[in-house]
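I'm opening a fresh page for this one. The plan is to look up the sheet, a helix and some charged pairs, and to jot down what turns up.

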Amino acid sequence: MSQLFYKIKLQFIILIIFASLPTFAQLHNTILNDQANIPSIHQSFLELENEKNHETIIKPLIDPKSYKYVELENQLKVLLIHDPNSEIASVALDVQAGSWNEPNEYPGLAHFCEHMLFVGSTKYPRPDYFDELLAKGSGHSNAYTDATNTNYYFEITSLHLDKALDTFAHFFIDPLFSQELVGREKNAVNSEYEIDVSSEDWKIQNLFTLFADPQHPASRFSLGNNEVFKKKGIEDALKSFFQQNYSSNLMSLVIQSRINLQDMERLIKPFNHVKNSNLQPPQFTGFPYQFGYLCKYKTEKEQLTLNWQLKGREKFSHQKPIEFLDYIIQNGNLIDYLKEQNFIISISSEVFMEESSFTNYMMEIILTEKSQQKEEAVAEITKIIFNYIQKLEEWLQDDEYINQTFKEQSKISKLNFNYLTEQLDTSTMARILNRQKPQEVLSSEFIIDNLDKDLILDYIQQLMNTQNLIILIGSNQYSYQNEKVDDNQSNKQFLQDKVLNEKNNLYRIVYSKLKFDEHFINFITKQDEILQNMFEKPQQNEFIPNNVELVSLCESQQSQLPKIVHSDKLKTLDQQSKLNLFLMAGQDLNQYSDEQCTLEEHKYQKQNHYPILLNKEQQEWWKSQTSYKIPFIFGALQMKYQKTLTLRQFTSLRLYNFMADEILSKELKLPLSSGYSYELDMNKKTQIKVYGFSEHVRNFFKKICSCLNPFREKSKSFLELNQQKRFEIAKQSLLLSIKNMYQDNLFEQAIEIYLPQLLQKDSHNPKKVIEQINQISQQEMFQDVRDIMNNVQYSSLFIGNIDQTEATQLSDEVQQCARSKESTLNDNEIKDKIQIINLKGKNLIDSKLIESGDNDDINGVTLNYYQIGQRKQMNKALMKLLEPILNQQAYNYLRTDLQLGYVVAVELKTTACVDGALILVQGSTEIPMKVNLIIDDFLDQFQVYLEQMNNREFQHLKHGVITELKEKPQSLSEEGDRLWKYISAGTIEFEDRQVAIEEIRKISKNQLIEFYRNSFINNKSKLSLQLYGQGMVTQMMNLETQSEFNSFISNTKPEDVDLFDPLQASYYQCDFEATQI
């Protein structure tokens, strides 16, 4: 039940879980892990000390949380987690019942049941009660239905956890399935179906359903829609499904909060009342999918997909055979070879849809234009991959090599686990807890600690079995013809043919399939010794750290300890005064004894929130941060352009970005598989962010710089080797990325493509960029990039396990990433201002017909932008206070009550120096023009809601928002991102959250109401962006042409609304980019 904005989580999603077969504790068995024993500052963390202790939860050595596993009297499994550092509580419940449990006559019933549990129980019958409770506690909730499990989760401030848990427990104790609620909620499920079936991302999953054994539940439609739910008896079917499949002995609950374990144990008492029917989950054996096929299908996202159906791996969580093989596939030279032969642009691999009896291992391949035009390319690429797998089997027959590879992967896995490079959320933990030993709930996804050579070789044999393989070829060049396929057609003829002969109206897919023939099988599996001699094993991974000690400033060469700066001191200072305050702020450590110095350093680590400025001219920032106990560094570099980019310059930068990413993916393969990560974004400014083990992060950054610098000599630059080929691939990559943007869900297109063009004057139209791509030569691209990089303003940040000397040296080095010896920056040069549309007193609409080629897309999007005005601290605090309840009430009224669409959300929107708010609705019930008017009606009603809010409710709201703002970063990367947001924006508003908290404390209810009226009712400054899907226009509105659509919009718009005209627009001139909290 998503209330998130930019990443709306669909309620039927497939999670990739690495889990073992369930082995549950006996009744009342308790496993207790006491307060974390944090290692000393120099302790090595390479081994898991508690790995063999079966009486404790295996947890990372630096994990400060405490764990307690209990099993309730009704056999409901519970994991309690005390997190002393978090203000926000997180809860998830997993039940071993999913879409494969539902009856054939009601496909999608399990998913519908998931929806219904959120909308009321006997004890809490109000459909919006839980959502309202979450809003007042700055929380949110969601759920998903999988094949054999359903997962529910939510977050809320700890103060509201007691009531939220009781409400949540009654989802599973006494849910309501009333006729009124069922009739209403089925429209939400149907809206979700309409969104998913129109999405390119769901086509492969839906094709898998069509390839399933008709006798297997995997062949059923699992999402549900109005055609299913209009059947008689749906209310009784929901009740029966719940009673027959939801039982406490099939449930696992995970709760994480700052409340101590003893008190949390008292809070879970309501879950004792969940009924235990002593059910046994059904067992599904064998492979559900019928493979050994070539399949062509119509799609706008052209790609080749190879998918192998393999044996289930739940019982192999300690061996992880698929991960073991994938590590070698990704880090050998298979991908490099395919690129060198100009077959592919990129290849990625993942586990896709798995249950206990099977696992799908998938390779998604983006083809070059040459491969798209060559019928033999599919067979040739598959042959190369099969030959690599054959060579892989030969390598792994060597005991020395397989042992060396295992030691490397095992060490990486333990490092990643110990240092929390990825942290499991409660939703994932709840699912794992329902499938394997409680002791391994944290570790099973990470650790490889058992080498089984025979098992690995067995999985290689499965990969070489063509009956386990399906090859999917997606293209927009295919066309549908209602003709019977020629049974005697060869695979070669099938691949040459552009005609598709099968159509599925439920999934809106057109496709053709044909069994592998003997000639094709022989071709792709034939051993090619010349080819195999081209393959190379992965190199030894030199980025695995050996030194994991934490830096002590007292023992480093730098004898200055940064001073602790408090937010109170920052509030009254302008930008220059702040910079001067932070510049080399430090105290001499020589005045302290060794013991006293250690105490002072500990005090600094605990209390300091801000970095210090090492170099004011180059904006070099540093912060020593070892309180997370991890030997990692977060680094960031920004190059801010002084002038607004022309369309050609912007296109050149994007092409250069793709060229750099392509070579970086080759040069950084090993570190990227060893806990390191990077982001390179060359857009309206260039940013590089790096995260990794401190021992090698310097070399990691150097590799990035050697690829990125456009001023280096060719002999020293990775990027300019074979640059013509890379340039052509970069063109194809950029073109594909833009085309794929236009295949996203309509609400994503509204946010990412169309709204920025309306709000910001220099936002380049992606379609105009497409026109530029083929006009730019590589010489012009390099010249554009050099011209831009010759006049940029630098800033950088290094935070983590690094002292001042190292930070200074590293900062100086990385700022040479894209600098020429001749480059100069004139501080007196007038910088271009950012121009943001001024909507003061205006009420505008901009309606667009989205011609996607999908005549059945009946979705519409209404995205209303309300401009609050230029940045003021009080306005930001008021909007932060208003946002959660406005979001909840909009969701409840527009989505739950009126069923306008599955996607409904409200969010604060800051663009440069101008604040605003967004209200989003995507659905197929009403056209966007009508939805816009309904939103206006809702806003009038919300004013009454605010006026009727009593003081106790208002104070609870303030407390929830303040608690959220007080939430400290939970990881080094999160803290680095938070600081970097202010540094890269140039505002240096490190005190932002504290100021907002103080402003919120002063806000009265009357002030909030007045702000709301001025922003949304009286002095409306509004732009309504409305996107109409092609099917909505042709089927619901009976319009055929763009001209008819334009006339309709002009004739039906409200009298007080004007059509948006860019020629009439005026703009704010922004000197800075404000940040959102």
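**Sheet first**

I started with an open sheet of six strands, which runs in the order β19-β20-β24-β21-β23-β22 with mixed pairing. β19 (612-615) and β22 (677-682) are at the edges with a single partner strand each, so one side of each has no neighbour in the sheet. On average, neighbouring strands here are turned by 15 degrees against each other, direction ignored; the axes behind that angle are lines fitted to C-alpha atoms.

Note to self on terms: strands (E, at least two residues) and helices (H or I, at least four) are DSSP runs numbered from the N terminus, and two strands pair if DSSP finds at least two bridges between them.

This is a predicted model, where local features need pLDDT of at least 70 and side-chain atom pairs count only at pLDDT 80 or more, while totals for chains, interfaces and linings use all residues. Residues are numbered from 1 along each chain as its sequence is written, and side-chain values use heavy atoms, with hydrogens and water left out.

Back at the edge, I checked how β22 meets β23 (residues 686-693): they pair in the antiparallel sense over six bridges. Leu680 stands opposite Ile688 in β23.

**A helix**

Next I looked up α22 (residues 647-667), which has 21 residues and reaches 30 Å from first C-alpha to last, close to the 30 Å expected at 1.5 Å a residue. That expected span is 1.5 Å times one less than the number of residues. Is α22 mostly covered or mostly open? Mostly covered, as 15 of its 21 residues are buried (under 20% relative accessible area; exposed is over 50%, partly exposed in between, with a 1.4 Å probe and protein chains only).

**Charged pairs**

I found 52 salt bridges in the structure (a side-chain nitrogen of Lys or Arg within 4 Å of a carboxyl oxygen of Asp or Glu).

- Glu132 and Lys136 meet at 3.5 Å, N to O. Both lie in helix α2 (residues 129-136), four residues apart, about one turn, and both are buried.
- Those two also belong to a network of salt bridges with Arg126, Asp128 and Glu953.
- Lys578 and Glu991 meet at 2.8 Å, N to O. This pair links distant parts of the chain, 413 residues apart: Lys578 is in helix α20 (residues 575-582), Glu991 in the loop between α33 (972-985) and α34 (992-1002). Both are buried.
- Glu380 and Lys374 come to 3.1 Å between their closest N and O atoms. Glu380 is partly exposed at 22% relative accessible area, and Lys374 is partly exposed at 29%.

Conventions: Axes are lines fitted to C-alpha atoms, for helices over the stretch in contact, and angles run from 0 to 180 degrees between N-to-C directions.
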